[in-house]
Amino acid sequence: MTATATSIFHKEQAFSLQDPATVASILATAVDITMVLTADGVICDHVISGPDLPRSMFEGWAGKSLTDTVTVESRSKIEQLLRDTRNGASPRWRQVNHPLDFGQDVPISYSAVKAGPNGHMIAIGRDMSTVSQLQQRLLSAEQSVEQEYQ
């Protein structure tokens with residue numbers, strides 16, 4: 001890795017040299033969802049690159065607080081993510097759930113970094129649906145085995 005590439009991932013100042021929307025577009029090639037957020041956590045723009053994510057889930061997100069797009073149980077995790085990012089803490093992944101209209105939730109793991117001179121942030125997310133489905137299958141299989149031995 002070059003010194004420039006290393007500095008992008010280890011120093012938030014490197015992101016401040018780029019337009020947040022440009023950085024978000026670049027990051028979208030490596031993750032399932034990328035969002036540009038204001039300093040208050042309002043979604044300015046988003047890029048969806050995950051092939052399995054329902055596009056309808058993201059309609060109307062621009063102008064909404066990221067906190068308002070997740071389930072009630074996930075709001076504190078988003079608030080902590082935004083607070084840590086504003087304070088310059090090391091990025092951490094947090095798994096949250098976005099509700100769908102037909103009752104299911106979509107688990108997404110997010111991390112965020114500061115970007116741009118106005119306190120903007122870039123949040124990147126990984127779709128955890130496949131992992132969640134595998135965990136559910138494993139749990140069902142374990143329960144089935146337990147029932148057979150009772």
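**Exercises on a predicted single-chain model**

Buried residues make up 37% of the 150 residues in the chain. The model is a predicted one.

**Exercise 1.** Determine how many helices and strands the chain has, and in which order the elements run.

Solution. Step one is the count: the chain holds five helices and five strands. Step two is the order: starting at the N terminus, the elements read α-α-α-β-β-α-β-β-β-α.

**Exercise 2.** Work out the strand order of the sheet, its edge strands and the sense of pairing.

Solution. Start with the order: the five strands form an open sheet, arranged S2-S1-S5-S4-S3. The pairing in this sheet is antiparallel. Next, look for strands that pair on one side only: these are S2 and S3 (94-99), the edge strands. Then take the angle: neighbouring strands are turned by 30° against each other on average, direction ignored. Finally, examine one pair in detail. S3 and S4 are joined in the antiparallel sense over six bridges, and Val-96 has Ile-108 in S4 as its bridge partner.

**Exercise 3.** Find which strands H4 touches and how its direction relates to that of S4.

Solution. H4 packs on the sheet, with S1, S3, S4 and S5 as the strands it touches. The direction of H4 makes about 15° with that of S4.

**Exercise 4.** Describe the largest nonpolar core: its best-connected members and the elements that supply it.

Solution. This core has 22 residues, and those touching the most other members are Ile-33, Met-35, Leu-37, Phe-58, Trp-61, Ile-78 and Tyr-110. Two or more residues each come from S1 (33-37), S2 (43-48), H4 (75-86), S4 (105-114) and S5 (121-127). S4 gives the most, with four residues. Now follow Trp-61 outward. Neighbours within four places in sequence aside, Trp-61 is in contact with Ile-33, Met-35, Ile-43, His-46, Thr-69, His-98 and Tyr-110.

**Exercise 5.** Decide whether Thr-71 is buried or exposed, and list its contacts beyond four places in sequence.

Solution. Locate the residue: Thr-71 lies in the loop between S2 and H4. Apply the cut-off: Thr-71 counts as buried because its relative accessibility is 9%, and buried means under 20%. With neighbours within four places left aside, Thr-71 is in contact with Asn-97, Pro-99 and Asp-105.

**Exercise 6.** State what share of the contacts with a separation of 6 or more joins residues 24 or more positions apart, and what share of the exposed area carbon and sulfur atoms supply.

Solution. For the contacts, the share is 43%. For the surface, the chain exposes about 9,100 Å², of which carbon and sulfur atoms supply 50%.

Note on methods
Residues numbered from 1 in each chain as written. Predicted model: local features only at pLDDT ≥ 70, side-chain atom pairs only at ≥ 80, totals over all residues. Heavy atoms only, no water. Core = buried A, V, L, I, M, F, W, Y, C linked by side-chain atoms within 4.5 Å. Buried < 20%, exposed > 50% of the residue type's maximum accessible area, 1.4 Å probe, protein only. Contact = heavy atoms within 4.5 Å. Areas by Shrake-Rupley, 256 points an atom, 1.4 Å probe, with all protein chains shown as cover. Pairing = 2+ DSSP bridges. Axes fitted to C-alpha atoms, helices over the stretch in contact; angles between N-to-C directions.
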